[in-house]
Every structure is written in structure tokens, then in C-alpha cells.
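Q: I have a chain open on my screen and would like to talk it through with you. Could you take me from the overall picture down to individual contacts?

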Amino acid sequence: EIAAEDDCSESSALTVSQQPSAGTVMAAGIHDIVVTVRDTSGNTAECTVKFTVMENVRPVITQCATSQELWADETCMGTLPDLTGTIVAQDNCTAVPQLTIVQSPAAGAKLALGTHTVEFTVSDAAGNSASCTTSVSVQDKTGPVISFTAGDALQAQCSLPLTLPIATAVDACDGNIAATA
């Protein structure tokens with residue numbers, strides 16, 4: 001509330017105004033408000049007041065990334081894709097294109113076999129943030145390589161038992177695999 005007095009005019013006769021006017025929507029930040037008091041003779045006095053609009057509302061994530069399944073490469077690792085484009089969020093002050101979305105681990109990270117949690121953080125221009133998580137599973141979908149010690153061709157005579165050569169198998173993720181009959 002503004003308090004003003006004048007030597008010649010009653011306080012009730014003083015006119016108080018401000019720029020910007022009351023009810024003006026202001027963006028987040030610090031603003032100057034100029035208050036002017038006018039007496040009945042037209043004399044004025046001004047003062048400037050700092051007015052701070054604080055934005056402390058977090059963005060709202062309306063859709064997080066869905067769970068993902070990756071296939072392991074020849075090193076038994078999966079490469080994490082960029083999933084930030086699948087996040088849907090909104091904010092009360094920051095326009096959607098200006099929201100910052102960060103993924104952790106970052107896109108391109110190598111993940112070992114198994115299930116991993118990926119976190120997404122959405123931040124607005126005021127530094128408020130919200131997070132969500134999804135799971136990424138890295139699967140070994142590559143079969144082992146089988147080899148025989150006696151070559152690939154087998155020959156046998158009728159009614160004689162067939163003797164199979166010893167087979168070995170190697171898998172990129174599981175290593176050597178024992179042969180079973």
C-alpha cells in the first residue's frame with residue numbers, strides 16, 4: 001500500500017497511479033513499477049519500486065519414454081539411442097520448444113546385457129525441473145558359431161555306427177559353450 005501526504009491537500013484528495021497499471025500480467029523476473037502521487041494543484045512526486053515475479057512451478061511431464069529393448073552388438077553391449085524426442089512435457093511459463101530435456105545415461109552410451117534405468121529431466125527457463133524414468137533392456141540375440149574339428153563333411157558306411165567329430169561353439173557374449181550329445 002502506498003502512503004502519501006501533502007502540506008496543502010488532504011490525503012483523501014491525493015491521486016495515486018502506477019505504471020504499469022495494476023492487473024498487468026508480468027513475466028518472471030524483476031520489474032520497475034513507477035508510482036506517481038498527484039495533489040489537487042497538479043504537483044507530482046514519483047518513486048520506483050522493484051517488483052519481482054518468481055516462477056517456481058515445475059514443468060509437467062505428460063508422457064515419459066516407453067520401455068525399450070536393444071540388441072547387443074558383437075561386444076555384448078547395446079548402444080542407447082536418444083529417447084528425449086519421445087518425452088512430452090509442458091510448463092506454465094516456458095514455451096514447450098524452450099524446455100530443456102536431458103537423458104541420463106546420454107544417447108550413445110554403451111550398456112551391458114541386462115536391464116538399465118534411464119532418467120529424463122525436463123527443465124524450464126527458471127531452472128525448475130521434473131523427472132521420469134524408463135527401463136532399457138539389452139538382450140543377446142546373436143546365436144553362437146558352431147565348428148567341427150574334423151571338417152564339415154561326414155562319411156559313413158551303411159549299418160556301421162556313425163562317429164561324430166567333436167563340435168565346439170563360441171558365443172560373443174557367453175564365450176565357449178560345451179558340446180552336449
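Q: To start with the surface, about how much area does the chain expose, and what percentage of it do carbon and sulfur atoms supply?
A: Bearing in mind that this is a predicted model, the chain exposes about 12500 Å², and carbon and sulfur atoms supply 53% of that area.

Q: And what share of the residues counts as buried?
A: Of the 181 residues in the chain, 22% count as buried.

Q: How many helices and strands are there?
A: There are zero helices and 14 strands, so the pattern read along the sequence is simply β repeated, from β1 (15-19) onwards.Q: What about long-range contacts, how common are they?
A: Among contacts between residues at least 6 apart in sequence, 48% join residues at least 24 apart.

Q: Let's switch to charges. How many salt bridges does the structure hold?
A: The structure holds three salt bridges. In one of them the side chains of K50 and D32 meet, with 2.7 Å from N to O. This pair links distant parts of the chain, K50 being in strand β3 (residues 44-53) and D32 in strand β2 (residues 29-38), 18 residues apart.

Q: Is K50 buried or exposed?
A: K50 counts as exposed, because its relative accessibility is 61% and the cut-off for exposed is over 50%. Its partner D32 counts as partly exposed, at 42% relative accessibility.

Q: Which residue does K141 pair with?
A: K141 forms a salt bridge with E69, and their closest N and O atoms are 3.6 Å apart. K141 sits in the loop between β11 (129-139) and β12 (145-148), whereas E69 belongs to strand β5 (residues 68-71), and the two are 72 residues apart. K141 is partly exposed at 42% relative accessibility, and E69 is likewise partly exposed, with a relative accessible area of 48%.

Q: And which residue does D73 bridge to?
A: D73 forms a salt bridge with K110, where the closest N and O atoms are 3.2 Å apart. D73 lies in the loop between β5 and β6 (77-79) while K110 is in strand β9, so the pair ties together parts that are 37 residues apart in sequence. D73 counts as partly exposed at 21% relative accessibility, and K110 counts as partly exposed at 46%.

Q: Right beside K110, where does A109 lie?
A: A109 lies in the loop between β8 (100-104) and β9 (110-112). Leaving aside residues up to four places away in sequence, A109 touches G78, T79 and L80. The C-alpha atoms of A109 and L80 are separated by 5.4 Å, although these residues are 29 apart along the chain.

Q: L80, then: which residues of the largest nonpolar core touch the most other members?
A: That core has 16 residues, and L80, L83, I87, F120 and V136 are the ones touching the most other members. The elements giving two or more residues to this core are β10 (114-123) and β11.

Q: What does I87 touch?
A: Not counting residues up to four places away in sequence, I87 touches I61, Q63, C64, A65, I101, F120, V122 and C132.

Q: I see two cysteines in that list. How many disulfides are found in the whole structure?
A: A search of the whole structure finds one disulfide. It is formed by C64 and C132, whose sulfur atoms are 2.1 Å apart. C64 is in the loop between β4 (60-63) and β5, and C132 is in strand β11, which places the partners 68 residues apart.

Q: What about its handedness, and why?
A: The torsion about the S-S bond of C64 and C132 is about 85°, so the disulfide is right-handed.

Q: Is C132 buried or exposed?
A: C132 counts as buried, because its relative accessibility is 13% and buried means under 20%. Another cysteine, C47, counts as partly exposed at 41% relative accessibility.

Q: One last spot, towards the start of the chain: where is S9?
A: S9 is placed in the segment before β1 (15-19), and at 9% relative accessibility it counts as buried.

Q: What does the side chain of S9 join up with?
A: A polar contact of 2.8 Å joins the side chains of S9 and T40. Apart from residues up to four places away in sequence, S9 touches L14, D39 and T40.

Conventions: Residues are numbered from 1 along each chain as its sequence is written. This is a predicted model: local features need pLDDT of at least 70, side-chain atom pairs count only at pLDDT 80 or more; totals for chains, interfaces and linings use all residues. Side-chain values use heavy atoms; hydrogens and water are left out. Helices (H or I, at least four residues) and strands (E, at least two) are DSSP runs, numbered from the N terminus. Contact means heavy atoms within 4.5 Å. Buried means under 20% relative accessible area, exposed over 50%, partly exposed in between (1.4 Å probe, protein chains only). Accessible areas come from the Shrake-Rupley method with a 1.4 Å probe; for residues, only the protein chains shown count as cover. A salt bridge is a side-chain nitrogen of Lys or Arg within 4 Å of a carboxyl oxygen of Asp or Glu. A disulfide is a pair of cysteine sulfur atoms within 2.5 Å. A nonpolar core is a set of buried Ala, Val, Leu, Ile, Met, Phe, Trp, Tyr and Cys residues joined through side-chain atoms within 4.5 Å. A polar contact is a pair of N or O atoms within 3.5 Å; within protein, one must be able to donate a hydrogen and the other to accept it, and residues adjacent in sequence count only if both atoms are side-chain atoms.
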